[in-house]
Amino acid sequence: MQRPASALLALLAFIGVSIASPALADFAHVQREADFRALVAGHDLTRFGIRLQVTPEGRITGRGFGMQVSGTWEWRDGYFCRTLEFGTSNEPLNCQRVLRRGDTLRFIADRGEGDTADFSLRSR
């Protein structure tokens, strides 16, 4: 099945391959695992066409543009480190800086040096 280019681009944004890197203004760095866990508890991470759950047990589950998304995560030295599988793609471990502004979490790939993806926190 061929995926629309726009759908694939949006899903790739989550895995740290977005086109733009917005400024960090008004975002606060989430440095502690306990703070991150409190933010995602009972919430889905959403953006257009994507809805994910980050579980306390270290799992990532959800859907992105009709494809199952799964993976694992852990907190290492102040970074959200995750692997992902979606469709036939497997993304290796990538540690990401997490920032927060209100109900938005920004993930910055490659320990804060890479591309960004913003997600809204939505109550389940």
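These legends walk through several close-up views of one predicted model.

The model is predicted, so local features need pLDDT of at least 70 and side-chain atom pairs count only at pLDDT 80 or more, while totals for chains, interfaces and linings use all residues. Residues are numbered from 1 along each chain as its sequence is written, and side-chain values use heavy atoms, with hydrogens and water left out.

**View 1. The whole chain has three helices and nine strands.** Helices (H or I, at least four residues) and strands (E, at least two) are DSSP runs, numbered from the N terminus. Follow the sequence along and you get the pattern α-β-α-β-β-β-β-β-β-β-α-β. Of the 124 residues, 44% are buried; that word means under 20% relative accessible area, with exposed meaning over 50% and partly exposed in between (1.4 Å probe, protein chains only). The chain exposes about 6,700 Å², and carbon and sulfur atoms supply 50% of that (areas come from the Shrake-Rupley method with a 1.4 Å probe; for residues, only the protein chains shown count as cover).

**View 2. Phenylalanine 36 meets tryptophan 73.** Two aromatic rings are described by the distance of their centres and the angle of their planes. Rings of Phe, Tyr and Trp (its six-membered ring) pair if their centres lie within 6.5 Å; planes under 30 degrees apart count as stacked, over 60 as edge-to-face and the rest as tilted. That rule gives eight aromatic pairs. In this one, the centres are 5.4 Å apart with 65° between the planes, which is edge-to-face. Phenylalanine 36 sits in helix H2 (residues 33-40) and tryptophan 73 in strand S5 (residues 67-76), so the pair ties together parts 37 residues apart in sequence. Phenylalanine 36 is buried, at a relative accessible area of 0%, and tryptophan 73 is buried too, at 7%.

**View 3. Phenylalanine 107 pairs with phenylalanine 119.** Their ring centres are 6.0 Å apart and their planes at 85°, so this pair is edge-to-face. Phenylalanine 107 belongs to strand S8 (residues 104-108) and phenylalanine 119 to strand S9 (residues 116-123), so the pair ties together parts that are twelve residues apart in sequence. Both phenylalanines, 107 and 119, are buried. Zoom out a bit: Phe36, Trp73, Trp75, Phe80, Phe107 and Phe119 form one aromatic cluster. Arginine 47 lies over the face of phenylalanine 119, 5.5 Å from the ring centre (a charge sits over a ring if NZ of Lys or CZ of Arg is within 6 Å of the ring centre and within 35 degrees of the ring normal).

**View 4. One disulfide joins cysteine 81 and cysteine 95.** A disulfide is a covalent bond between the sulfur atoms of two cysteines; here it is counted when the sulfurs are within 2.5 Å. The structure holds one, with its sulfur atoms 2.0 Å apart. The link between cysteine 81 and cysteine 95 is right-handed, with 110° about the S-S bond. Cysteine 81 is in strand S6 (residues 79-86) and cysteine 95 in strand S7 (residues 89-101), 14 residues apart. Both cysteine 81 and cysteine 95 are buried.

**View 5. The largest nonpolar core has 22 residues.** A nonpolar core is a set of buried Ala, Val, Leu, Ile, Met, Phe, Trp, Tyr and Cys residues joined through side-chain atoms within 4.5 Å. Phe36, Leu45, Phe80, Val98, Leu105 and Phe107 touch the most other members. H2, strand S3 (50-54), S5, S6, S8 and S9 each supply at least two residues, and S5 gives the most, with four. Leaving aside neighbours within four places in sequence, leucine 105 is in contact (heavy atoms within 4.5 Å) with residues including Phe36, Leu45, Val98 and Phe119.
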